[in-house]
Amino acid sequence: MAQNYVRKMLNIGFRFNPSAEDLITFYLPRLIAGKPPKDTENFIHRADVYGGKPRDLAAEFAPVPRSENGGRFFFTTCKRQKGSSTRRERTAGDGIWVRQNSKEVKNTAGVKVGQTQSFRFMKDGRYTDWLMEEHHCCVQQAVAGDEEPVICRMYVSPWASPDSAARHESAAFVEQEPVPAPRQEHVITPPATAKRPEPPVAEPPCTKKTRDAVSARPVAHQSCADTGAKLKTQTSCYLN
């Protein structure tokens with residue numbers, strides 16, 4: 001729900017642009033505790049800022065929405081140089097971040113809450129148009145040995161020319177569209193129809209006896225002599 005709220009605010013015209021005090025007193029302690037704010041967790045990337053060149057970070061991580069100079073926020077750690085509690089290593093890839101200035105960050109009551117250091121990236125002995133702000137908090141518990149967690153804001157100098165290499169490197173990021181899941185073809189199988197029962201086979205009708213049918217009883221055959229004798233007997237009875 002928080003992400004939907006942030007997306008709605010960005011569509012209206014708002015942008016993620018926290019102050020140094022907000023980064024030091026609100027975001028940094030929560031990131032150190034492992035509880036980043038849900039509404040802005042996609043705006044502060046976890047990356048090793050000093051593990052590569054700015055152009056590599058710009059190609060991998062998106063700038064915050066509506067950023068005019070390709071601003072990108074990173075939660076990272078920096079190492080202190082041996083024998084010094086103030087100077088820190090800033091080597092990044094084949095170049096180096098050179099510190100320009102440093103200033104204290106105070107809250108509304110005038111109490112120091114942290115420090116912001118500004119850097120400019122140098123490569124091959126020449127300054128580039130990549131700038132960075134490094135935000136530190138005053139809480140000593142945040143420092144573990146030589147590692148100190150910080151929030152960095154990396155961006156292109158607003159005075160860089162339109163054809164600056166840093167501007168082209170910052171614009172090289174291309175939002176990767178999510179690969180759509182393969183479409184599954186749904187084959188509609190018609191429901192199995194009940195098999196129509198076969199019509200009952202009618203039994204053959206009883207055969208009626210044919211009129212004047214000849215009986216199958218065998219007929220006894222009489223000889224001519226028997227017939228004559230029978231007629232003679234019947235004649236003598238009538239005469240008597």
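Biologist: Let's start with the turns: how many residues lie between S3 and S4 in their hairpin, and which residue in the turn has a positive phi?

Modeller: There are two residues between S3 and S4 in that hairpin, and Gly93 in the turn has a positive phi of about 65°. Bear in mind that this is a predicted model.

Biologist: What makes S3 and S4 count as paired, and in which sense do they run?

Modeller: They share two bridges in the antiparallel sense. The rule asks for at least two bridges, so S3 and S4 qualify as a pair. One match to look at is Thr91, which stands opposite Ile96 in S4.

Biologist: And how do you know that S4 and S5 pair?

Modeller: Strand S4 (residues 95–106) and strand S5 (residues 112–123) are joined by 11 bridges, again antiparallel. Set that against the cut-off of at least two, and they pair. Val98 has Arg120 in S5 as its bridge partner, and Gly95 sits opposite Lys123 in S5. S4 and S5 form a hairpin too, with five residues between them. In that turn Gly110 has a positive phi of about 85°.

Biologist: Why are S1 and S3 called edge strands?

Modeller: Look at the strand order first: the open sheet has seven strands, S1-S2-S7-S6-S5-S4-S3, with mixed pairing. Strand S1 (44–46) and strand S3 (91–92) each have a single partner strand, so one side of each has no neighbour in the sheet.

Biologist: Which strands does H2 lie across?

Modeller: H2 lies across S1, S2, S4, S5, strand S6 (126–137) and strand S7 (147–156). Its direction is at about 70° to S6. For the wider picture, the chain has five helices and seven strands, running α-α-β-α-β-β-β-β-β-β-α-α from the N terminus.

Biologist: Now the rings. Why is the pair of Phe16 and Phe73 called edge-to-face?

Modeller: By this rule there are six aromatic pairs. In the one formed by Phe16 and Phe73, the centres are 5.4 Å apart and the planes stand at 75°. The centres have to lie within 6.5 Å and the planes over 60 degrees apart, so the pair is edge-to-face.

Biologist: What does that pair tie together?

Modeller: Phe16 is in the loop between helix H1 (2–12) and helix H2 (20–32), while Phe73 is in strand S2 (residues 72–79), so the pair links parts 57 residues apart in sequence. Phe16, Phe26, Tyr27, Phe43 and Phe73 make up one aromatic cluster.

Biologist: How do you know whether Phe16 is buried or exposed?

Modeller: Its relative accessible area is 8%. Buried means under 20%, so Phe16 is buried. Phe73 has 2% and is buried as well.

Biologist: Which ring does Arg153 lie over?

Modeller: Arg153 lies over the face of Tyr155, 4.1 Å from the ring centre. The limit on that distance is 6 Å.

Biologist: How many disulfides does a search of the whole structure find?

Modeller: Zero. Take Cys78: the nearest cysteine sulfur belongs to Cys152 and is 7.3 Å away. A disulfide needs the two sulfurs within 2.5 Å, so Cys78 is in none. Cys138 is in no disulfide either, with the sulfur of Cys137 nearest at 7.1 Å.

Biologist: Are Cys78 and Cys138 buried or exposed?

Modeller: Cys78 is buried at 0% relative accessible area. Cys138 comes to 34%, and partly exposed covers the range between 20% and 50%, so Cys138 is partly exposed.

Biologist: What makes Glu134 buried?

Modeller: Its relative accessibility is 0%, against a limit of 20%, so Glu134 is buried. Glu134 is found in strand S6. Beyond its neighbours within four places in sequence, the contacts of Glu134 include Tyr50, Cys78, Arg90 and Cys152.

Biologist: And where is Ala160?

Modeller: Ala160 is in the loop between S7 and helix H4 (165–170). At 9% relative accessibility, Ala160 is under the 20% limit and so counts as buried. Leaving out residues up to four places away in sequence, Ala160 touches Asp129 and Arg167. Ala160 and Thr128 are 32 residues apart in sequence, with their C-alpha atoms 9.1 Å apart.

Biologist: How much of the chain do buried residues make up?

Modeller: They make up 29% of the 240 residues.

Key. Residues numbered from 1 in each chain as written. Predicted model: local features only at pLDDT ≥ 70, side-chain atom pairs only at ≥ 80, totals over all residues. Heavy atoms only, no water. Phe/Tyr/Trp six-rings, centres within 6.5 Å; stacked < 30°, edge-to-face > 60°. Helix = DSSP H or I, 4+ residues; strand = E, 2+ residues; numbered from the N terminus. Buried < 20%, exposed > 50% of the residue type's maximum accessible area, 1.4 Å probe, protein only. Lys NZ or Arg CZ within 6 Å of the ring centre and 35° of its normal. Contact = heavy atoms within 4.5 Å. Axes fitted to C-alpha atoms, helices over the stretch in contact; angles between N-to-C directions.
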